[in-house]
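Good morning, and thank you for making time for this. Please have the sequence and the structure open while I speak.

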Amino acid sequence: MNKVIPADALQDHVGQEVGVTDWLTIEQDRIDQFADATDDHQYIHVDAERAAQTPFGGTIAHGFLTLSLLSALSSRGGGLKLENTVMGINYGLDRVRFVNPVRSGQRIRARFNLSSAEEKTPGRYLTRYAVTVEIEGEEKPALVADWLGMTVVDKNA
């Protein structure tokens, strides 16, 4: 569950870790479904026999699959939620690096650090999170990203 705070307290959290999610297992079925959805059936993702012959030792998740899970992970306790939120909008990414592959069956979780927050117009807050997606038992993370979001709040509520 995300921590709910008033918009005027947002600046108090800049520079702090604001959430760590529970672990999420990346099953082969999810990888296969992502391959179907994106039409990316490269063997390192979907062919266990061929992928076993690579340095990965088996199939790995698409980097973009791991990246796409940021939305789900953030809703599971990865960030802050402002009181009276009307909607949250994915505003983009300034930096993404795929550091370490996620092997089928491994578990990931995300750490969210609020890097900046700014009220762009009344009731619209642009946030930047430094996100690290960790792989259980691995030193190097799966990915690091600077993720931007726009939160719209009802100032009359």
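Arg-107 is partly exposed, because its relative accessible area is 30%, and the model in which we see this residue is a predicted one. The partner of Arg-107 is Glu-136, with which Arg-107 forms a salt bridge whose closest N and O atoms are 2.8 Å apart. This pair connects distant parts of the chain: Arg-107 belongs to strand β6, while Glu-136 sits in the loop between β7 and β8 (143-153), 29 residues apart. Glu-136 also counts as partly exposed, at 37% relative accessibility.

That bridge belongs to a wider set. How many salt bridges does a search of the whole structure find? The search returns seven.

Consider next the salt bridge in which the side chains of Arg-128 and Asp-94 meet, at 2.7 Å from N to O. Arg-128 lies in strand β7 and Asp-94 in strand β5, so this bridge ties together parts that are 34 residues apart in sequence. As for their surroundings, Arg-128 is partly exposed, with a relative accessible area of 24%. Asp-94, by contrast, is exposed, because its relative accessible area of 53% lies over the 50% cut-off.

A further bridge joins the side chains of Lys-120 and Glu-118, with an N to O distance of 3.6 Å. Lys-120 counts as partly exposed at 43% relative accessibility, and Glu-118 likewise counts as partly exposed at 42%. Finally on this subject, salt bridges link Glu-17, Arg-109, Arg-111 and Glu-134 in a network.

I turn to the aromatic residues. The structure holds three aromatic pairs. In one of them, the rings of Phe-64 and Phe-98 have their centres 5.7 Å apart and their planes at 85°, so the pair is edge-to-face; the angle is to be read against the cut-off of over 60 degrees for that class. Which parts of the chain does this pair tie together? Phe-64 lies in helix α4 (residues 63-68) and Phe-98 in strand β5 (residues 85-98), so the parts in question are 34 residues apart in sequence. Phe-64 counts as exposed, at 57% relative accessibility. Phe-98 is partly exposed, with a relative accessible area of 42%.

The rings of Phe-112 and Tyr-129 form a pair as well: their centres are 6.0 Å apart and their planes stand at 85°, so this pair too is edge-to-face. Phe-112 is in strand β6 (residues 107-121) and Tyr-129 in strand β7 (residues 124-135), so the pair ties together parts that are 17 residues apart in sequence. Are these two residues buried or exposed? Both Phe-112 and Tyr-129 are buried. Together with Trp-147, Phe-112 and Tyr-129 form one aromatic cluster.

One more ring deserves mention, this time for its charged neighbour. Arg-50 lies over the face of Tyr-43, at 3.9 Å from the ring centre.

Let us now look at His-45, which is found in helix α2 (residues 43-46). Why does His-45 count as buried? The reason is its relative accessibility of 6%, set against a cut-off of under 20%. What is His-45 in contact with, once its neighbours within four places in sequence are left aside? The contacts of His-45 are Gln-28, Ile-31, Asp-32 and Asp-40, together with Thr-59, Ile-60, Ala-61 and His-62.

From a buried residue I move to an exposed one. Pro-55 lies in the loop between α3 (48-51) and α4. With 83% relative accessibility, Pro-55 counts as exposed. Between the C-alpha atoms of Pro-55 and Ser-68 the separation is 25 Å, the two residues being 13 residues apart along the chain.

My last topic is the largest pocket. About 520 Å³ of space lies in the largest pocket. Its lining is made up of 24 residues, and those nearest its centre are Asn-2, Ser-74, Leu-80, Gly-88 and Thr-151. Which elements give two or more residues to this lining? They are α5 (70-78), β4 (80-82), β5, β7 and β8.

Two of those elements bring us back to the salt bridges, since Arg-128 lies in strand β7 and Asp-94 in strand β5. I would welcome your questions.

Notes: Residues numbered from 1 in each chain as written. Predicted model: local features only at pLDDT ≥ 70, side-chain atom pairs only at ≥ 80, totals over all residues. Heavy atoms only, no water. Helix = DSSP H or I, 4+ residues; strand = E, 2+ residues; numbered from the N terminus. Buried < 20%, exposed > 50% of the residue type's maximum accessible area, 1.4 Å probe, protein only. Contact = heavy atoms within 4.5 Å. Phe/Tyr/Trp six-rings, centres within 6.5 Å; stacked < 30°, edge-to-face > 60°. Lys NZ or Arg CZ within 6 Å of the ring centre and 35° of its normal. Salt bridge = Lys/Arg side-chain N within 4 Å of Asp/Glu carboxyl O. 1 Å grid on protein atoms, 1.4 Å probe; cavity = no way out; pocket = protein on both sides within 12 Å on 5 of 7 lines; lining within 4 Å. Points joined across faces, edges and corners; volume = space filled by probe spheres on them.
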